[in-house]
Amino acid sequence: MKINRKQIIGSTVGILGLIIPFFLNINGLSEAGHVTLGVFFLAAAFWMLEPVPIYATSMLVIFLQVVLLSKEGLFFHSVTDSYTPDSYTAFIGTLANPIIILFLGGFILADAAVKYSLDRNITRILLKPFGTSPKFIVLGLMVVTAVLSGFMSNTATTAMMMTVILPIIARVKNNDPLRIGLALSIPFAANIGGIATPIGTPPNAVVLGALNQQGITIAFGEWMVLAVPLVVVALLMAWFILTQMFKAQTDHVEIDMSGRFNTSKNAILLYVVFGITVLLWITEKAHGMKSAIIALIPVVFLTMTKVITKDDIRKLPWEVLWLVAGGLSLGISMKSTGLAEWIIGSISWSSFGPLLIIIMFGSVCLLIANFLSHTVTATLIVPLAVSLATSGLATEGFDLVIVSIVIGISASLAMMLPISTPPNAIAMSTGTIETSQMAKAGITIGLLSLVLVILNAVFYWPIIL
Amino acid sequence: MQKGFLLNSRVDILKFINKVISDTPDLQKLVVSFNEKEVLFKQGENLPYLYLLLEGGVKLNRENDDGSSLDILTLEPGHFVGLVSFNTGNDSLTTAVALKPIKALRFSQDDFDEYLNNHPRLRHPMQQLMMSNMTDRLMGNVQLESKMHALNQKLEDEGEQLKIAYSKLEDSQQKLVHQEKMATLGELVAGFAHEVNNPAAALLRSSEMLKENFLDLPSGDPRSRIFEIGLNSSPLSSEMVRKRMLEVQKKFPYVKERSIIRKLAQIPEEGHEVIIDQRKKTPIEILVQQFEAGKFIHNIKVASERIANLVKSLKSYSRQDNNEAEMIDLRDGINDTILILSHRLKYLDMEVKMDEIPKTCARLGELNQVWTNILVNACDVLPDGGKLKIRTKTEGEYKIVVSISDNGPGIPDDVLPRIFEPNFTTKNQGAQFGLGLGLAISNEIIRHHGGFIRASNRENGGAKFEIILPVKNC
Amino acid sequence: MDHEIYILIVEDELEVMDAIVNDLSEFEDHFPIETANTAEEAQSVVDQIYHANNEVGLILCDHVLPGKNGVDFLIELQSHDLARNSKKVLVTGQAGLEDTIQAINKARLDHYIAKPWTKEQLDSVVKEQLTNYVIDRKYNPMEFMAILDSVKLAESMRANPLTDN
């Protein structure tokens, strides 16, 4: 393993960050708060500079909390005035947080969909009505990508869609801007589409998990009611911008997608389970069964029927679940040790109106998420919003739920650079686009979408919530 | 009676007996006569009588098991007929047929005993006649024996000759097949050569014209200079390229692409000077490209020349139809053969040292077969990387010696004396190169040329073939 | 990638080697090319490459070589701990049926190119084999999308659960 400079700096900063608070005596911060500050510094440094993989940092965070901060750990065995230590089960229990289970259900569904080519067949069917004009082909591709990425990971959706568009790109003339438009449409649509459902992308999980810890639950369908209109408008806007920026020279594009639905017993079983699960998720309000419970339906039935085998289970992206759990776990300490409150307390919030707070959180999140992982961004910022809400420091009119959703969605909108999201990296790797082109389109779409988010947060979401 | 002989002649005795018959009525009763072709007795009969032939002749013949009939004896007056069977009591071995009308005395067993032992006048003549009959038969037997021996001898000789003729026939049939093969090959090669020579010529000409087109730049232009350097450079071995790539990386630290570094490594020093000289003026890629163009044209030229040479060699190698003796340099044929066999010789460590030798009168195509046979044999026995040496030299003024030696397992002692015998092979009869009939034919070809071939084992292992040919004019 | 994936070409005729190398030069910036004129040299080049912690992704090997022949060399590589994973292509104008069968059975030959080749043919074979190599070795497909078979690489990403993070 080669160690580069960034990794050395990351490790050093992280370890110093962990140790230094032990030697400080910050007024108004409990002893446990000092320790948590150290863990927070370490996690932030490690997540940002990535001396170790980000999921490994999450595992480290849980470990450090269990050892340093839990009731059964090294230091805090009894309740004091300033800190009521949680049992270690609270930290490791984040791995079974309802949002984690919801994601597990989503993973299993997505995995089975890929295994039986449901994703490809849905693409084939959905693309048909969009004809052969390049403009509408791009729209069709974006719609399909967004729909799929609502239920599958954005990255997997992008990879699949690449197999659809790469042959088109190969047929289009070399200097036709349509190539760039096509290559960018997929990752952008995937990023936007991920916002649509709770299981669309991990930042949604971070937000929902954090709210869950506060006793606030947002139903699957409710999230969709909040997010889908935004997604539709953002998607149309992105489509308009891309087709204007990269005007196609050709006026006719053929998509060659042949294939038929897999009609094996297993595949049909999958279609049924997929349909039932999504239907139950959307109609949570009507029957009242929690989405995490519904998520167990595909888990149980697809494994029992061997639609999903042992090997498939092994291949699931478990590290994402650890990543989210690590964030949730950090949130517990930040709140219980008063660290979050202390950080929040250092800013005088009263001078900010609720709108300004939303704009601020949204822009900071969008900016940071362009350089960091979306999930990590949400993980680092959501606890601040939670503390702000619970500390009572915020101005009147501050709504924790809305701010949290703004944070989660803004993180998903960060798609300026190839490193911003894995879908961007995939599109970039095809060699059809240049970073500047991606940045230009990504910034425009990201900023305009942020405006949309803020408009939603001010005018639409309060009506629903 | 004649003196000096123990026995009186059969004719004399018969005369005497005839006289006794005319005197003795008892005896006259015993006289019988048979007509021509009448049978006295048959083969397999038990004979109650013994005949003494007085006039005419009797033939004894015997029927064999396969039904054929064999003449055994012809009996004349004075001979007993049925003697063997009568005396032994066995069935008759033969059938007795009258050749012409005969008269004979017919004795029953009792009569015969009486006359032979007790008759005062006939006793002696009968006994003498008996003896004479016996002697005749014995003599006949001896003659027969020696005749049979002579016959056997003759038979054996003829068989031997047949064998030789057969092997000669087989030999010449193989040779015919071989000649046919070579003739077909010759035709094939002639057609092939024509077909290949045309595109090869086109290639060669095109490369020349391409060269002129490229050189159509103002003189002194660095591009044409580096192009010319390219034209005159040959590709380097991979090891050399690796070494030079390291040097190039030091020399041109600003070049990052490995493909360009590789190309620079192939450019000789003088080319590098041009490139360094032009650093500010002409982009390095253009100069490298120009060099590559020159090199590729060079490669085309080299490759098409190789094709042309190969075709030429193949043509002269397989020149069987035109098998006239002419003044040739043996080394041309050896070189052709080496080229033709290069796909096999490639695996060997070859050392070819051919001294200047005078031309001699020979049939090129035939000699090529000799080289092929020996070289293919060497390839068969040598492991990859085995050593093969080919030498030509003159011995005195009138002899050319071609020696081909290897460091292989050598020729086993029991094989060495027979190695030039026809049909002698130590390898499995199978699809070998298909042009050689083995060393026998080589031997014959060399002998036809008035030379000789010898095989030996070298002291330090390996076989050595030496071909000695006379220098002569056609 | 923290190390290089090499293309190794084994060919004894220098002009032919030159032609192959030039046909593949557009791969060279991503997959450095190494060359060898004999099987023995190739063996030592392979060892050097692995010694420097790099690897051989593809071997293009002539059959008729001085000394050890190409098929035997490829068969021997099968017992090499690391190079056995390399994709193996026989490029030859002359290999008997026997040799070819041997190469397929014992050296796990991945492809056979008959001389003379065309650039398109060589390109597509090299692309395909390197794509397979990268997928087999589970390297990040994104690093190779621009130069190799992007559809196949994207497909491999689809099949392996990819996640956002």
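Me: Accessible areas come from the Shrake-Rupley method with a 1.4 Å probe, and for residues only the protein chains shown count as cover. On those terms, what makes up the accessible surface of chain A?

Reply: Carbon and sulfur atoms hold 67% of that surface, which comes to about 18,700 Å². The model is predicted: local features need pLDDT of at least 70, side-chain atom pairs count only at pLDDT 80 or more, and totals for chains, interfaces and linings use all residues. Residues are numbered from 1 along each chain as its sequence is written, chains are lettered from A and ligands numbered from 1 in the order in which they are written, and side-chain values use heavy atoms, with hydrogens and water left out.

Me: What makes a residue of chain A count as buried, and what percentage of them do?

Reply: Buried means under 20% relative accessible area, whereas exposed is over 50% and partly exposed lies in between (1.4 Å probe, protein chains only). Of the 465 residues in chain A, 58% count as buried.

Me: How do you know which residues of chain A and chain C are in contact?

Reply: Contact means heavy atoms within 4.5 Å. By that rule chain A brings 33 residues and chain C brings 16.

Me: What area is buried between chain A and chain C?

Reply: Buried area is the accessible area (1.4 Å probe) that two parts lose on being put together, summed over both. Here this is about 2,100 Å², with 62% from carbon and sulfur atoms.

Me: Why is the pair Arg120(A) and Glu155(C) called a salt bridge?

Reply: A salt bridge needs a side-chain nitrogen of Lys or Arg within 4 Å of a carboxyl oxygen of Asp or Glu. The closest N and O atoms of Arg120(A) and Glu155(C) are 2.3 Å apart, so the pair qualifies. The rule finds two salt bridges across this interface.

Me: What does the other interface, of chain C and chain B, look like?

Reply: There, 27 residues of chain C are in contact with 22 residues of chain B. The buried area is about 2,100 Å², and carbon and sulfur atoms give 43% of it. Eight salt bridges are found between chain C and chain B. In one of them, Arg258(B) and Glu28(C) meet at 2.9 Å, N to O.

Me: Which elements of chain C give two or more residues to the side that touches chain B?

Reply: They are helix H1 (14-23), strand E2 (33-36) and helix H2 (39-51); helices (H or I, at least four residues) and strands (E, at least two) are DSSP runs numbered from the N terminus. H1(C) gives the most, with five residues.
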